[in-house]
Amino acid sequence: MTTAPPPKRLRIHPSILTSLCWKAVEFRYVRKVRRPSSVDQTIGRAAHKTYRTDLAYTVGTKERLAVSEIRDQAADDFEHEWNGKDGVDLYLPEEREAGLLRTKGRAKDATILYAETAHRTLAPTITGVRSVSDLERRIDLRVAGAPFDLSGVIDVVERGKRVRDTKTRKGKPKENELEGSIQLSFYSLALERYGEPVKEIGLDVIQKLVRPKTHSLFAPAPTDHRPLLERIRVASGIFETGLFYPIDPNSQTGKWACTERFCDHFDICPFGRARRTSVTVI
């Protein structure tokens with residue numbers, strides 16, 4: 001008699017613990033609905049990929065790529081992401097109006113510009129990376145009693161010093177943004193459990209402007225992980241009961257979070273576009 005293998009444990013990203021809408025979490029992790037890929041997401045993935053290649057080259061050779069090489073790499077990475085299996089299949093109204101070719105051209109130019117900016121201003125500040133395994137390092141954390149494991153990728157681990165997360169976004173970071181950061185607290189706790197504690201957490205932001213800017217914030221690594229563990233407890237209850245509550249689309253936060261621009265499942269969620277359809281209840 002053969003015994004069926006135990007079911008695979010659910011793995012969720014730590015950012016889910018601060019989710020604005022648990023309905024979106026249900027679509028992604030329970031219903032396994034594929035997330036469409038937007039133009040902005042494609043730009044971010046491609047620029048991030050080039051940045052990682054840039055850092056890996058320096059780690060391996062102790063030299064730096066030329067700016068022209070970064071531009072060529074970014075162009076190649078963009079084409080790969082745009083035409084790959086996760087290529088763009090979600091366009092905003094203004095992007096559809098502009099047309100595919102023009103939208104793609106603008107996106108490619110933006111990717112190259114962001115990658116070049118990261119090369120010039122962020123890459124030189126990275127120290128303590130001993131090998132390419134310290135770049136985009138995947139870590140998993142199992143918490144007793146939780147019906148899931150936490151899983152994430154640390155962009156940069158500066159051994160014995162800090163972890164750094166890299167974001168590409170329109171706004172610059174708030175001065176207190178690292179205070180209570182669940183994602184960075186998770187990274188810090190996980191490395192502590194792995195026997196590789198760090199002293200600091202860091203956030204590098206590439207700000208999307210006509211002339212992009214970069215911002216870096218650093219703070220002591222958290223020693224009190226109770227906020228993280230409490231969020232895990234609350235999330236565990238939601239997954240165990242199946243009560244995935246949606247955000248109120250008419251609340252101050254919901255007015256921007258429950259929109260086509262910010263929600264991957266806006267078209268299929270009964271609280272998104274579908275909620276505008278009139279139905280008769282008998």
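The expected span of a helix is taken as 1.5 Å times one less than its number of residues. In this predicted model, helix H5, which runs over residues 100–122 and has 23 residues, reaches 32 Å from its first C-alpha to its last, close to the 33 Å expected at 1.5 Å a residue. The buried residues of helix H5 are Thr103, Ala107, Ala110, Thr111, Ile112, Tyr114, Ala115, Glu116, Thr117, Ala118, His119 and Leu122. The elements that cover these buried residues include helix H2 (39–61), helix H3 (67–83) and helix H4 (93–98), together with strand E4 (162–169), strand E5 (200–207) and strand E6 (213–220).

A further buried position is found in strand E2 (residues 135–142), where Arg137 is placed. The relative accessibility of Arg137 is 16%, and because buried means under 20% relative accessible area, Arg137 counts as buried. Its side chain makes a polar contact, at 2.7 Å, with the side chain of Glu196. When neighbours within four places in sequence are left aside, Arg137 is in contact with Gly152, Val153, Ile154, Val157 and Arg159, as well as with Leu191, Tyr194 and Glu196.

At the surface, Leu20, Trp256 and Phe262 make a nonpolar patch of about 330 Å². Of these residues, Leu20 lies in the loop between strand E1 (10–12) and helix H1 (22–30). Leu20 has a relative accessible area of 46% and is therefore partly exposed, since that class falls between the limits of 20% for buried and 50% for exposed residues.

Note on methods:
Residues are numbered from 1 along each chain as its sequence is written. This is a predicted model: local features need pLDDT of at least 70, side-chain atom pairs count only at pLDDT 80 or more; totals for chains, interfaces and linings use all residues. Side-chain values use heavy atoms; hydrogens and water are left out. Helices (H or I, at least four residues) and strands (E, at least two) are DSSP runs, numbered from the N terminus. Buried means under 20% relative accessible area, exposed over 50%, partly exposed in between (1.4 Å probe, protein chains only). A polar contact is a pair of N or O atoms within 3.5 Å; within protein, one must be able to donate a hydrogen and the other to accept it, and residues adjacent in sequence count only if both atoms are side-chain atoms. Contact means heavy atoms within 4.5 Å. Patches are made of residues with over 30% relative accessible area and no salt bridge: like charges are joined within 9 Å, nonpolar side chains (Val, Leu, Ile, Met, Phe, Trp, Tyr) within 5 Å. Accessible areas come from the Shrake-Rupley method with a 1.4 Å probe; for residues, only the protein chains shown count as cover. A salt bridge is a side-chain nitrogen of Lys or Arg within 4 Å of a carboxyl oxygen of Asp or Glu.
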